[in-house]
Amino acid sequence: MTPDRTAGPDDPPTPNAPGAPATSTAPATPAPDATAPDATAHPGADVPGLPPTAPSAPPRRDHTPPRPARRVTMSDVAGHAGVSRTSVSFVLNGRTDTSIPERTRARILAAADELGYRPNAGARALASRRSESFGLISEIVTEPYALDIIRGAQQRAWADNRFLLIAAGSDRGGGGPESPSARTRPAPRSTHRSPRTPHETAPADPGSADAHTADTRTAPADELDAVAVEKLLEQRPGGLLYATASHRIVALPPAAYEVPTVLVHCRDAEGRLPSVLPDEEGGARTATRRLLEAGHRRVALLNLAATMPAAEGRRRGYEQALRAAESHLDPGLVVTAGTTADDGHRAARALLDTASAPTALFCANDRMAMGAYDAARELGLRIPDDLAIIGFDNQELIATGLRPRLTTVALPFHEMGVRGVELLTRLTATTAAPDTADAPAATAGRRPRDAPTDPRTGVRTTDTTVGAGTGRGPHPGTPAPVQLVLDCPLVERGSV
C-alpha cells in the first residue's frame, strides 16, 4: 500500500475522500509560479528566467556634511566649526580688530564654504539701512548707444566689491546720443498718486515755445522713471546713478533725492545733484582747431538743435577755436541742421553748392557727417583732398564704415560710468557732496601726461571740476554739487 504524502503546491486539487470532512467550495487561491520573480528576493539577487543583474553599488560614503534644507545661518557655521557665533560674525564680516587666531579663522571659513553659507544681504541692509549695492536707472538698457556707460559703471562697481542693480528708465533716446525723438515725444502723464511721484501737469501745446523748450531742454520725470526709482529703493541701495544716452537736463522723481544720487551724461534742472558730463566745448574746440591747423580757413559748423545742451557747448567750442586763431567768424557758416543723416546731407549740400563754399565741415554728430559724405560725393568732391570732415560722438559703426574713415570726437562713455561710481562711492562714504579738496584738479583744457588712456581707442582722458563750492547746493548755504567734466578726445582716422 502506497504511503500517504502531503500534497505539494504543484499537485492538482483532488476531491474529498469518502468519510473525510467537508471542505469549503470556494476556489482556492492559485499558488505562485515558482518561475516568477520573488518579490522578497534581495534586490541584487539573480532571479530564474531573467538575465543576471549587476551587483548593487555599496552605499556612498560622502564625508561632506549634508546641506540643511533651510538657509544656513551663522549659528550653523559656528556649530560646525566648534566656535562661538560671535567669532563667526567677526570673521565673516571681515573684522580684523579681533584676536581670533588664524587657524580658527581658517576653520570658520572652511565651515562656511562646506555648508554653503551666504550672507543675508537683506538683514545687513536692515541693520545698516543701506546695502553694498548701487542702483542704476537708464534708458541705455533699451538703447544700442552709450552702452559703455553701463560697462564702465559695472567694472568700477565690481572692483569695489559692489553689485550694480540696473533698471530701465524712460526711453527718450530713440536712436542715438542726440535723437530727435528724445525732444519731441512727450512724457506719459502719471496717474499714480503717491507723494513720491511727480505732480501731474497738463501737456503744453506742441507748437508753443514752452513745449519746445520743455521737450528739448528738460526731459520731465515720468511714470517709468518713478517706478524704477521706487523698485530700486525697495532693495535699500547705497545710492543711485541716473544715466542718459544723450546730454540733457532732466527732472528726477522726488524719491531719487532720498539717497545719494549721481547723474551721468545729464544735469538736473534744480542744480541739486552732482553730475559727470562730457566736455562738449573742449571737444568742439579740438575738432575746429584740427581743421584750422590743416590749413582750412572756411570751416562750417553743422550743429544740433540750438536748445540742446550738447549743441550749446559744441557751438561755443567752435567759436572759441576760431577766435583763438584770429579767424573770421562767418554766421553764414553756422547751420542748425538737426540730428539725422538726411539733415546732414541737406545742410551740407546747401553749403557746398555755392561760390563761397567751405573747405571743411565740423558736424555736431557722426550721423550728420555721414550725410555730408553723400553730399560731397554727389558734388564730385574728394575727402579729404577737396573737403575735410570731422564728426562728433565716435559712433564706431558709422566712423569706421565710411570711406575714408571718419575723424571724430569721442564721447567718454566708459569713463563717465567709471567716474559716476567713484563719485557715488565718495558720496555714500561721507553722506555729503565732496568738497574741492577731494575733487580732481581743474585742467583748463590741458591734457596732462598722466591722464588715463582708453584701452580701446588709445586716447587719453582728463577731467575738469566745475561748480564745486560755488552757487547753491541742495540746501541753503551749502556749496553747489560737484560736476566732473571729462575730456572728449579726437580720434584721427583719415577724413582731414
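Here is a walk through the structure, stop by stop, with something to select at each one.

**Before you click**

This is a predicted model, where local features need pLDDT of at least 70, side-chain atom pairs count only at pLDDT 80 or more, and totals for chains, interfaces and linings use all residues. Numbering starts from 1 along each chain as its sequence is written, and side-chain values use heavy atoms, with hydrogens and water left out.

**The whole chain**

Start with a cartoon view: the chain has 14 helices and 14 strands. Both are DSSP runs numbered from the N terminus, helices being H or I with at least four residues and strands E with at least two. Of the 496 residues, 43% are buried. Buried means under 20% relative accessible area, exposed means over 50%, and partly exposed is in between (1.4 Å probe, protein chains only). Taking contacts (heavy atoms within 4.5 Å) between residues at least 6 apart in sequence, 68% join residues at least 24 apart.

**The core**

Next, select Ile 149, Leu 241, Leu 302, Leu 361, Phe 362, Cys 363 and Ile 389. Within the 69 residues of the largest nonpolar core, these touch the most other members. A nonpolar core here is a set of buried Ala, Val, Leu, Ile, Met, Phe, Trp, Tyr and Cys residues joined through side-chain atoms within 4.5 Å. Another core, of 16 residues, lies apart from it and includes Ala 228, Val 229, Val 250 and Cys 266.

Now zoom in on Phe 362. Leaving out residues up to four places away in sequence, its contacts include Ala 284, Ala 287, Thr 288, Leu 291, Arg 314, Tyr 318 and Phe 392.

**Helix α9 and its partner**

Select residues 280–293, helix α9, and pick out Gly 282 in it. Gly 282 counts as buried because its relative accessibility is 6%. Add Cys 488: the two C-alpha atoms are 6.8 Å apart, although 206 residues separate them along the chain.

Then show α10 (residues 309–324), which packs on α9 at about 40 degrees with the axes 7 Å apart. So α9 is oblique to α10. The axes are lines fitted to C-alpha atoms, for helices over the stretch in contact, with angles from 0 to 180 degrees between N-to-C directions. Under 35 degrees is roughly parallel, over 145 roughly antiparallel, 65 to 115 roughly perpendicular, and the rest oblique. For sticks, try Ala 284, Arg 285 and Thr 288 of α9 with Arg 314, Gly 317 and Tyr 318 of α10, all among the residues making the contact.

**Helices α1 and α3**

Move to α1 (residues 74–81) and α3 (residues 102–115), whose axes come within 9 Å and cross at roughly 120 degrees. That makes this pair oblique as well. On the α1 side, select Asp 76, Val 77, His 80 and Ala 81; they meet Arg 107, Ile 108, Ala 111, Ala 112, Glu 114 and Leu 115 of α3.

**Backbone oddities**

Finish in the loops. Ile 383 and Pro 384 are joined by a cis peptide bond, omega about 5 degrees, with Pro 384 in the loop between α12 (366–378) and β10 (388–393). Arg 403 and Pro 404 also share a cis bond, omega about -5 degrees, and Pro 404 sits between α13 (396–399) and β11 (407–410).

Asn 161 is not a glycine, but its phi is positive at about 60 degrees; with 64% relative accessibility, Asn 161 counts as exposed. Glu 326 has a positive phi near 55 degrees and is exposed too, at 76%.
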